[in-house]
Amino acid sequence: MGRLKAGISDLLIATDVAARGLDIDHLTHVVNYDVPAAPEAYVHRIGRVGRAGREGVAITLAEPREHRQLKNIERLTKHTISIDKVPTIADMRAQLMEITRSSIREAILDSTEGNESEENEKYRVVVESLSDDFDLVEIAMAAIRIAHEANRNETEERDIVDAELGGGRGDKRGKYGDRDNRGGSKGKPRSRPSGPMTRLHLDVGRNAGIRPKDLVGAIAGETGLPGNQIGSIEITGQFSLVEVPQDQADHVIDGMSRAKLRGKSVSIRRERI
């Protein structure tokens with residue numbers, strides 16, 4: 001608990017007993033491994049991310065036969081729980097490919113604008129030597145494959161069997177997720193704002209030891225933007241992409257232009273489309 005509160009650990013596994021007493025300001029997500037038998041227990045669990053008007057994300061792993069329990073929770077909270085399927089391996093691979101595409105696009109744009117012209121000259125020699133024996137498209141495809149594999153997390157890939165609602169006891173788990181803002185003593189949920197977002201590009205990434213919590217902490221600390229207003233975060237080896245509310249983009253760029261992440265000055269701008 002101390003490590004989590006100090007920001008050293010990113011994950012805490014807790015029972016319902018512990019969940020009732022947790023109060024951690026920077027907690028952003030609660031993942032329920034199963035659907036609580038009592039709807040009140042669900043409120044206690046996900047309330048850890050929405051105390052004092054803050055917002056958070058609650059994700060509940062559920063089998064189709066547990067759908068009725070979700071309805072009981074909806075009646076208690078007077079809030080609809082959106083239902084989604086667990087992403088497939090194909091979905092995750094497609095997302096990784098999109099990250100690779102963005103990385104390459106950014107590198108090309110930096111090169112054409114002269115930001116890394118001297119650094120890129122040493123790679124030109126390699127391309128020119130290979131072009132004597134191979135087509136340029138073949139060289140590019142091989143380079144992209146190497147870059148893509150470098151971004152992949154080498155973990156076991158196992159697809160989860162699709163299960164329709166109302167399926168049998170042996171069905172694999174689907175995902176039931178909702179985004180709640182639990183404020184006040186009654187814990188009444190309010191929907192998370194869904195306004196337009198802008199994606200910002202920072203020139204630091206995994207190679208500099210950057211983690212999602214580093215970006216959230218820096219943006220919140222330098223700009224005052226609450227962490228729950230920060231959208232999706234993608235971190236590659238060389239750079240990071242962070243979504244912020246569109247009307248706060250200039251403020252975040254201005255604040256982060258003077259910041260340092262892990263001792264390194266940061267260059268930040270809107271992502272080029």
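Modeller: Two residues are in contact when heavy atoms lie within 4.5 Å. The model discussed here is predicted.

Colleague: Which elements are included in what covers the buried residues of H9?

Modeller: The residues to be covered are Ala249, Val252, Ile253, Gly255 and Met256, which are the buried ones of H9. The cover over them includes one helix and several strands. Named in full, it includes H8, S6, S8, strand S9 (260-261) and strand S11 (268-270).

Colleague: Which element gives the largest share of the largest nonpolar core?

Modeller: The largest nonpolar core has 20 residues, and those with the most contacts inside it are Leu202, Val252, Met256, Leu261 and Ile268. At least two residues each come from strand S6 (197-202), helix H8 (212-223), strand S8 (240-245) and helix H9 (249-256). The largest share is four residues, and its source is H9.

Colleague: Which residues are in contact with Leu261, leaving aside its neighbours within four places in sequence?

Modeller: Leu261 is among the residues with the most contacts inside the largest nonpolar core. With the neighbours within four places set aside, its contacts are Leu202, Val204, Ile210, Asp214, Leu215, Ala218, Met256 and Val266.

Colleague: How many residues does the second, separate core have?

Modeller: This core is separate from the one with Leu261. Among its members are Val35, Ile46, Ala58 and Ile81. The count of its residues is nine.

Colleague: Where do the buried residues of H3 fall, seen down its axis?

Modeller: Helix H3 covers residues 39-46, and Pro39, Ala41, Tyr42, Arg45 and Ile46 are buried in it. An α-helix has 3.6 residues a turn, so residues three or four places apart point the same way. Down the axis of H3, the buried residues stay within an arc of 155°, so they line one face of the helix.

Colleague: Is Ser102 buried or exposed?

Modeller: Ser102 sits in helix H5 (residues 89-112). Leaving aside neighbours within four places in sequence, Ser102 is in contact with Arg199, Phe239, Leu241 and Glu271. The cut-off for buried is under 20% relative accessible area. Ser102 has 2% relative accessibility, so it counts as buried.

Colleague: What percentage of the residues in the protein chain is buried?

Modeller: The protein chain has nine helices and 11 strands. It exposes about 16,800 Å², of which carbon and sulfur atoms supply 52%. Of its 273 residues, the buried part is 33%.

Colleague: Among contacts between residues at least 6 apart in sequence, what percentage joins residues at least 24 apart?

Modeller: The count takes in contacts in the protein chain between residues at least 6 apart in sequence. Those joining residues at least 24 apart come to 73%.

How values were computed
Residues are numbered from 1 along each chain as its sequence is written. This is a predicted model: local features need pLDDT of at least 70, side-chain atom pairs count only at pLDDT 80 or more; totals for chains, interfaces and linings use all residues. Side-chain values use heavy atoms; hydrogens and water are left out. A nonpolar core is a set of buried Ala, Val, Leu, Ile, Met, Phe, Trp, Tyr and Cys residues joined through side-chain atoms within 4.5 Å. Buried means under 20% relative accessible area, exposed over 50%, partly exposed in between (1.4 Å probe, protein chains only). The arc is that of the directions from the helix axis to the C-beta atoms. Accessible areas come from the Shrake-Rupley method with a 1.4 Å probe; for residues, only the protein chains shown count as cover.
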